[in-house]
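User: Please take a close look at the sheets in this model. I would like a connected account of how the strands are arranged and paired.

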Amino acid sequence: MSIAKGIRDSIEKSSWIRKMFEEGAKMKAQFGAENVFDFSLGNPDLEPPEEFFSTLQTMLRERKPGSHGYMPNAGFLSVREAIAGKVSREHGVMVRPEGIIMTCGAAGGMNTVLKTILNPGDEVIVLKPYFVEYGFYIGNHGGKMVLVDTAADFSINVGNIKQAINEKTRAVIINSPNNPTGKIYSRQEISDLTEMLRATGQTIFLISDEPYREIVYDNAEVPSILAFYNESIVITSYSKSLSLPGERIGYLVLHPSCKDFDLVMAGMILSNRILGYVNAPALMQRVVAELLNVTVDVGIYKKKRDIFIEGLSSAGYDFITPEGAFYLFCKAPTDDDVAFVRHLQKFNVLAVPGVGFGGPGYFRLAYCVPESTIRKSIPKFKEALESYDTKA
Ligand code: PLP
């Protein structure tokens, strides 16, 4: 075999999104893109805000020596100072620039952290349903992903996590607002979880993957784990908040009171370097430091969500209203979510089966698409459900 077995297996495992992508491309060629209702990809449809372009232009006119050179692997100090101020204000914990690393998106941050903390065979707890890349990120660094069920409303089930902990457990990953459910974990949930983790007496990192922190609806609060637990690491990016997924820019924050703070930071800075990221993109670091309080217009996503939840519930679908992010995890009218996703395809609707997220019986709809796509898709969803019922 010309490639490693692990990568070959991973190609197979990641095939759901790839399959939907390939099938979507075929359908668009056949029926015209405007007649295909593609909810398969979490690629933001909003362009970056105007402030991004004007700041970028200003930066491009500057001729400051060193702006495009190598730098400390954690990123420009001035940028980390600016981010530290923002994080301290928003998370309610004083964070220093020494506790921040600029990363190549949230994905880069996750890999940097996992490489630093995992020994071969160490376990990382992930809550179902989950962002499918976690399995690959953990596997990249010799770890083992341990999947744990959430409650029926996708809230954290602390008892289940407690049961899954053993001497090999190194970390728990949470993702709030959640992909694929849109769930935001409450203060009480975070408090109960961290109390349980503390009581184990082990060093178990709590990693909060938060690329959707700014995409929340109805003034929902995303409680910070930093306020609850010392062994905590927050990872975020500008992929969604500024619609910059292609620019690969984000950051991670280590709790200032984390045990072995200096060693963990040194490990993460080295990992960021030797994973080949070296440092986060220089130009983008300087741009985001100027845009601390800027986001895309979240009101637009809220409007899409509201149209979608209203339309889907009137069409007879069952789901928990997303509180944030731009995904809707919808119950399939059968346990066989793959069969229902195939059925939706007959109506030119593309979704991703829940089984791909460890949530069988559901399907994920990414509603970061034009409002017109959502509106026009509702009759298709209705027909699909009605015809599926008649067939059953
Ligand atoms: N984590 C979650 C939950 C995501 O949904 C995504 C992207 O969709 C990422 C991480 C990766 O984000 P980034 O593009 O910033 O690496």
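Analyst: In this predicted model, a useful place to start is strand E3, residues 123-128, which runs parallel to E4 and is joined to E4 by six bridges. Within this pairing, Val-126 has Leu-147 of E4 as its bridge partner.

These two strands belong to an open sheet of seven strands, ordered E2-E8-E7-E6-E5-E3-E4, in which the pairing is mixed. The edges are taken by strand E2 (100-103) and strand E4 (144-149); each has a single partner strand, so one side of each is left without a neighbour in the sheet. On average, and with direction ignored, neighbouring strands of this sheet are turned by 20 degrees against each other. Helix H9, residues 261-277, packs on the sheet, where the helix touches E2, strand E6 (205-209), strand E7 (232-237) and strand E8 (250-254). The direction of H9 makes about 15 degrees with that of E2.

The model also has an open sheet of three strands, in the order E9-E12-E11, and here the pairing is antiparallel. Strand E9 (327-331) and strand E11 (352-353) are the edge strands, each pairing on one side only. Two bridges link E11 to strand E12 (residues 362-366) in the antiparallel sense. For Val-352, the bridge partner in E12 is Arg-364.

As general background, the strands of a sheet pair through backbone hydrogen bonds, in either a parallel or an antiparallel manner. Both sheets described here are open: the seven-stranded one has mixed pairing, whereas the three-stranded one is antiparallel.

Methods: Residues are numbered from 1 along each chain as its sequence is written. This is a predicted model: local features need pLDDT of at least 70, side-chain atom pairs count only at pLDDT 80 or more; totals for chains, interfaces and linings use all residues. Side-chain values use heavy atoms; hydrogens and water are left out. Two strands pair if DSSP finds at least two bridges between them. Helices (H or I, at least four residues) and strands (E, at least two) are DSSP runs, numbered from the N terminus. Axes are lines fitted to C-alpha atoms, for helices over the stretch in contact, and angles run from 0 to 180 degrees between N-to-C directions. Contact means heavy atoms within 4.5 Å.
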